[in-house]
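Me: I've got a structure on my screen and I'd like to talk it through piece by piece. Can I fire some questions at you?

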Amino acid sequence: MPRTQQASERVAIVGASMTQFGQREGWIMDLLAEAGLECLEDAGVDAENVEHLYVSNMASGEFEGMTGVPNALAHDLDAMPAYTQRVDQTSSSGGAGIYAAWQSIASGASDMTLLVGGEKMSHRSTPETTDIIASVTHPVEYKTGVTLPSFAGLTARHYLERFDAPRESLGKVAVKNHKNGVDNPNAQFQKEVDLETVLESPIVADPLRLYDFCPITDGSAALLFCPESVAEEYTDEYVVVAGVDGATDTHVVHEREDPTIMGGVVESGKGAYKMSGYGPDDIDVAELHDMFTILEFLQMEGLGFADQGEAWKLVEEGYTKRDTGELPVNTSGGLKSKGHPLGASGIAQGVEIYEQLMGEAGPRQVDADIGLACNVGGFGNCVITTIMETAQ
Amino acid sequence: MTMEATRYEDGSISYPGHPRGPGGTEPVETIDLSEYTAEVVTWTTSTATPPGVREPNTLAIVEFDVDGESVRAIGQVTTDDVETGDDVEPVYVEELREPGAGIREPDSQDWNGYQFEPV
């Protein structure tokens, strides 16, 4: 039973974990249990203390015919009688899980909420996986055979032509994020790629090529939330959710007034900044949803890190590099090299920010007290932005 | 078969239509976009297509001008030889992709429609 708490009490994160991302032998339940158990162990919290258990997952029913996973996970973790709930917001299911977990603690409904996200995808062929993900589209879009990578190609061409940006600038996003991923032992790809390799890789959705896209990935990640007063019972060092917000944009992508502005990024960013009292200049490190390289530009601009049409210049200048940049972006390797198990990705972004703020990021460590994660669903259809800070 | 767009109380037009338009405005009429030409805003050629979709699949977002009101649409292009700014006209096709080959329930939507052909 949740105890009475002050509505103003801040929401703490006291544990974080992620499994190895990549091609995994385990199925969805194996992956979720692995991350969930590791997260509880990381925090030193027993499963019996978990009051709410949320599972971020887009499509376990479609991918492997497994539904009802939150209850199944509660049983596997021996977390009964915890209240369970599935959070599906397509690719932003993980971020939406963070928002739901924050709400459960902030409202006083739960004193300990475990959030686990995961997806098992690699057993399906690339066309099948592409189709499951593309099922987010409106019927008039779906019948054209459009895919999420196609939306990226359409948007990238428009961006490059309109802002006179060089094709190479997108390639440099991939090069940077692959370089960061080398130091992430849980990343699917721990391999550098050079610009020439990116620019000569096979075309997937012209002008974008293979290395502009994240891979198909199995994996899971978890975060543990509680009120700050409860966190202090377990540890002196934890992270606080300073701001979080979610927003939507049009379902039909071509109906957006400006194809280079993701309204969900802009609006969720505004909400997270307002709640936290911080602005773009206060952010020390950011995880952006680089499912496609062009998305890193659109989020940098939508979140106020760059003016519209200018993000490519910052990437060219090295502004977002991990070791020398003013704002390191995707120190984890991003979805690009870490991989994108749909329901896990937003949580894995949170795991990276948590580790950066806790000083636990090892060779990826940057100097950071405030971090931001932006998790994008569909092609910007729904977006969650979360700002975290070290506990003061 | 028409390429049906919807005009709302405020004069704006969307393709496809929705029960409510901008500012909560109600639909007032439908417009057949197949009677108009459009301009290519952007395009891509997809080489990794889902089951039942032609490969490669060249797609474009195009903009129609309906009596001074612009409305955009996405569609397949009849050729791979297309550029931004090209004028195109809608051309009817019985089946844009194979119903039932993908995950979507075949009876849940239409599969015929219009491709865009440069003029």
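Me: How many of the 10 residues of helix H12 of chain A are buried?
Reply: Keep in mind that this is a predicted model. H12(A) runs over residues 293–302 and is mostly covered. The buried list includes nonpolar names such as A:Ile294, A:Leu295 and A:Phe297, and also A:Glu296, A:Gln299 and A:Glu301. The count of buried residues in H12(A) is 10 of 10.

Me: Which elements of chain A do the buried residues of H12(A) pack against?
Reply: There are helices and strands among the partners of H12(A). The strands are E9 and E10 of chain A. The helices are H7, H8 (167–181), H11 (263–276) and H13 (311–317) of chain A.

Me: Which residue with a positive phi follows H12(A)?
Reply: Look just past the end of the helix, which covers residues 293–302. The residue there has a phi near 85°, and it is A:Gly304.

Me: OK, on to the big sheet in chain A. What is the order of its strands?
Reply: The sheet is open, has 9 strands and shows mixed pairing. At its edges sit E3 (83–87) and E9 (285–288) of chain A, each pairing on one side only. From one strand to the next the twist averages 25°. Reading across chain A, the order is E3-E2-E4-E7-E1-E8-E11-E10-E9.

Me: Which residue of E7(A) is the bridge partner of A:Val116?
Reply: E4 (residues 113–119) and E7 (residues 219–227) of chain A run antiparallel and are joined by 7 bridges. For A:Val116, the partner in E7(A) is A:Ala222.

Me: At about what angle to E7(A) does helix H15 of chain A run?
Reply: H15(A) covers residues 342–358 and lies across several strands of chain A, including E1 (11–18), E8 (239–248) and E11 (382–390). E7(A) is also among the strands it crosses, and there the angle is about 60°.

Me: What about E11(A): how many of its 9 residues are buried?
Reply: E11(A) has antiparallel partners in the sheet: 9 bridges join it to E8(A), and 8 bridges pair it with E10(A). On the E8(A) side, A:Val239 stands opposite A:Thr390, while on the E10(A) side A:Cys374 is bridged to A:Thr385. The strand is mostly covered, and its buried count is 8 of 9.

Me: Which residue in the hairpin of E10(A) and E11(A) takes a positive phi?
Reply: The hairpin has 4 residues between its strands. The phi in question is near 55°, and it belongs to A:Gly378.

Me: Which element gives the largest share of the largest nonpolar core?
Reply: That core has 141 residues, and A:Ile13, A:Leu115, A:Leu223, A:Leu224 and A:Phe225 touch the most other members. A:Phe225, for one, touches A:Ile13, A:Trp102, A:Ile105 and A:Leu115, among others. The largest share is 8 residues, and it comes from helix H1 (residues 28–43) of chain A.

Me: What stretch of chain A does UniProt list as "domain: Thiolase N-terminal"?
Reply: The record is an unreviewed entry. Over the listed stretch the chain is 44% helix and 18% strand, with the end C-alpha atoms 9 Å apart. UniProt gives it as residues 11–229.

Me: How many residues does each chain bring to the contact between chain A and chain B?
Reply: On the chain A side, the elements giving two or more residues are H5 (126–134), H6 (139–142), H7 (148–163) and E5 (203–205). That side divides into 14 nonpolar, 11 polar and 9 charged residues. The contact takes 34 residues from chain A and 33 from chain B.

Me: Last stop, chain B. Why does B:Val62 count as buried?
Reply: B:Val62 is found in E5 (residues 57–66) of chain B, where its bridge partner is B:Val40. Away from its sequence neighbours, B:Val62 contacts B:Val41, B:Arg72, B:Val88 and B:Phe116, among others. The cut-off for buried is 20 or more other C-beta atoms within 10 Å. B:Val62 is buried because its count within 10 Å is 27.

Me: Which residue of E7(B) stands opposite B:Glu39?
Reply: E4 (residues 38–46) of chain B pairs antiparallel with E5(B) over 8 bridges. E4(B) is also joined to E7 (residues 87–93) of chain B by 2 bridges, again antiparallel. Opposite B:Glu39 in E7(B) stands B:Asp87.

Notes: Residues numbered from 1 in each chain as written. Chains lettered and ligands numbered in written order. Predicted model: local features only at pLDDT ≥ 70, side-chain atom pairs only at ≥ 80, totals over all residues. Pairing = 2+ DSSP bridges. Axes fitted to C-alpha atoms, helices over the stretch in contact; angles between N-to-C directions. Contact = placed C-beta atoms within 7 Å. Core = buried A, V, L, I, M, F, W, Y, C linked by C-beta atoms within 7 Å. Buried ≥ 20, exposed ≤ 12 C-beta atoms within 10 Å, placed from the backbone. Nonpolar A, V, L, I, M, F, W, Y, C, P; charged D, E, K, R; others polar. UniProt positions renumbered as here; feature names shortened; annotations may be inferred. Lists of a residue's contacts leave out its neighbours within four places in sequence.
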